[in-house]
Amino acid sequence: MSNLTLSTRAQSIGDSPTLKINALARALKKEGKPLIHLGVGEPAFPAPQAAVDAIIAKAQTRNIKYVPSSGTPELKAAVARYTETYYGRKVSADQIIISAGAKQVLYNFLLVTLNAGDEVIFPAPYWVSYPEMIKLAGGKPVVVRPAHGLQITLPELTAAITPRTKAIILNSPNNPSGQIFEADFVKGLVELAEQKNIFLFMDDIYNQLIFDGNKCPNPYDFCTDSQNLVIANGVSKLYGMTGLRIGWAVSENRSLISAMGRMQAQSTSCNCDLSEVAATAALLGDQRCVKDLRDLLYTNREALLAELSKIPHIGVHKPQGTFYCFADFSYYNADSQALAQYLLEKALVAVVPGSAFGMEGYLRMSFCASKDQIVEGVQRIAKALKNLSVKED
Ligand SMILES: Cc1ncc(COP(=O)(O)O)c(C=O)c1O
């Protein structure tokens with residue numbers, strides 16, 4: 001047998017479906033096709049000036065070195081301030097880890113908590129990376145699907161708990177649905193996790209990008225013992241700084257944070273020095289940029305909803321946050337991958353099939369693009385669907 005075979009781990013990991021659509025869309029664009037991309041997961045918004053200035057100033061010192069593996073004291077202090085401002089919780093440096101995005105935060109968390117076969121529960125629709133990351137860490141993904149609508153209920157989630165359940169992941173507001181889980185649900189979840197001694201990983205990456213005066217329930221409000229609670233966040237969505245790769249986790253559980261730090265130290269040593277400086281400046285700088293981003297996304301969402309309302313037979317849930325709308329297109333084709341492919345080819349509009357998020361029949365449209373592109377994109381989708389239904393009638 002050849003020793004050049006790849007590991008079973010490598011063979012078990014699929015391509016990211018969102019990246020696949022992006023690659024196809026890029027290829028069409030390269031051919032000069034007038035593609036409209038409603039598949040992206042990053043705001044076109046420029047990075048805050050304070051972050052850019054901080055990178056330039058730091059680069060000019062020519063002192064770009066390794067930094068402390070779990071994050072610089074300056075960035076940890078900025079994250080502590082963020083946590084106190086938005087969660088009303090005082091945390092110290094040893095309760096914070098800074099990683100290369102919320103993605104690495106989650107991966108570190110899974111690597112230090114899961115033994116082979118341990119189960120991690122999360123609701124559908126879910127962020128595409130959860131199942132693959134859990135599998136990579138040796139765990140077993142357990143998806144809970146809502147019987148109705150886009151949000152699971154507490155009894156549905158409770159029914160999925162087994163003696164092997166190690167953690168629950170909740171992403172609210174949710175990618176792809178844009179829905180915020182209500183306070184009663186979050187309260188019940190926090191209590192359930194405490195009662196059953198299960199980690200609760202809150203993926204709060206979108207929690208500042210919410211509309212209509214909505215509020216994200218604060219899990220700390222419902223805790224009696226927060227040893228099992230981990231809250232992740234980052235600068236990617238908040239400041240449109242996806243390329244800097246900075247995220248963080250906060251937990252009262254110091255041994256968990258310390259283990260995540262050791263995991264990181266042995267894999268990547270530390271984060272990029274310049275990125276940490278930029279994230280610190282963004283967090284400590286003028287926060288009007290966040291409001292501006294939220295306002296822009298609100299305008300885009302309204303434009304998207306107005307156009308979608310003209311398409312018959314689709315089911316639209318108004319996004320309460322994030323920059324995604326997840327709509328039911330099953331009337332036109334229950335196979336979301338085939339429908340997304342059709343729209344890419346016939347309408348030159350890129351969207352992400354619901355199957356990637358564990359919900360067939362839906363499509364995710366992002367409203368990060370410009371308002372004009374969003375309007376034209378949905379108009380093209382409407383036209384292509386009309387042709388489809390005419391052909392099939
Ligand atoms: C739900 C969710 N969690 C985490 C991430 C990862 O964010 P980061 O860029 O901080 O790694 C994303 C990015 O798309 C996301 O949608």
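Where is N197 found? In this predicted model, N197 is found in the loop between helix 8 and strand 6. Its backbone deserves a look: phi of N197 is near 60°, which is a positive value in a residue other than glycine. As for its surroundings, N197 has 11 C-beta neighbours inside 10 Å, and it therefore counts as exposed.

L348 also has a positive phi without being a glycine, here of about 55°. This residue is found in the loop between helix 13 (336-347) and strand 11 (349-350). Is L348 buried, partly exposed or exposed? It counts as partly exposed, because L348 has 18 C-beta neighbours inside 10 Å.

Now to the peptide bonds. The loop between strand 5 and helix 8 (183-196) holds P173, and P176 is found in the loop between strand 5 and helix 8 as well. Each proline is reached through a cis bond, one from S172 to P173 and one from N175 to P176. Here are the omega values:

| Cis peptide bond | Omega |
|---|---|
| S172 to P173 | about -5° |
| N175 to P176 | near 25° |

On to the sheet. It is open, it has seven strands, and the pairing is mixed. Reading across, the order of the strands is 2-8-7-6-5-3-4. Which strands stand at the edges? They are strand 2 (96-99) and strand 4 (140-144). Each of these two has a single partner strand, so one side of each is left without a neighbour in the sheet. On average, neighbouring strands of this sheet are turned by 20° against each other, with direction ignored.

As general background, strands of a sheet pair through backbone hydrogen bonds, in either a parallel or an antiparallel way. At the strand 2 edge, the pairing with strand 8 (residues 247-251) is antiparallel and runs over four bridges. If you want a spot to click on, try S99, which stands opposite G247 in strand 8.

Then there's the helix that lies against these strands. Helix 5 (residues 101-113) packs on the sheet. Which strands does helix 5 touch? The contacts are with strand 2, strand 5 (165-171), strand 6 (199-203), strand 7 (229-234) and strand 8. The direction of helix 5 makes about 45° with that of strand 8.

Key:
Residues are numbered from 1 along each chain as its sequence is written. This is a predicted model: local features need pLDDT of at least 70, side-chain atom pairs count only at pLDDT 80 or more; totals for chains, interfaces and linings use all residues. Two strands pair if DSSP finds at least two bridges between them. Axes are lines fitted to C-alpha atoms, for helices over the stretch in contact, and angles run from 0 to 180 degrees between N-to-C directions. Two residues are in contact if their C-beta atoms, placed from the backbone, lie within 7 Å. A residue is buried if 20 or more other C-beta atoms lie within 10 Å of its own, exposed if 12 or fewer, and partly exposed in between; C-beta atoms are placed from the backbone.
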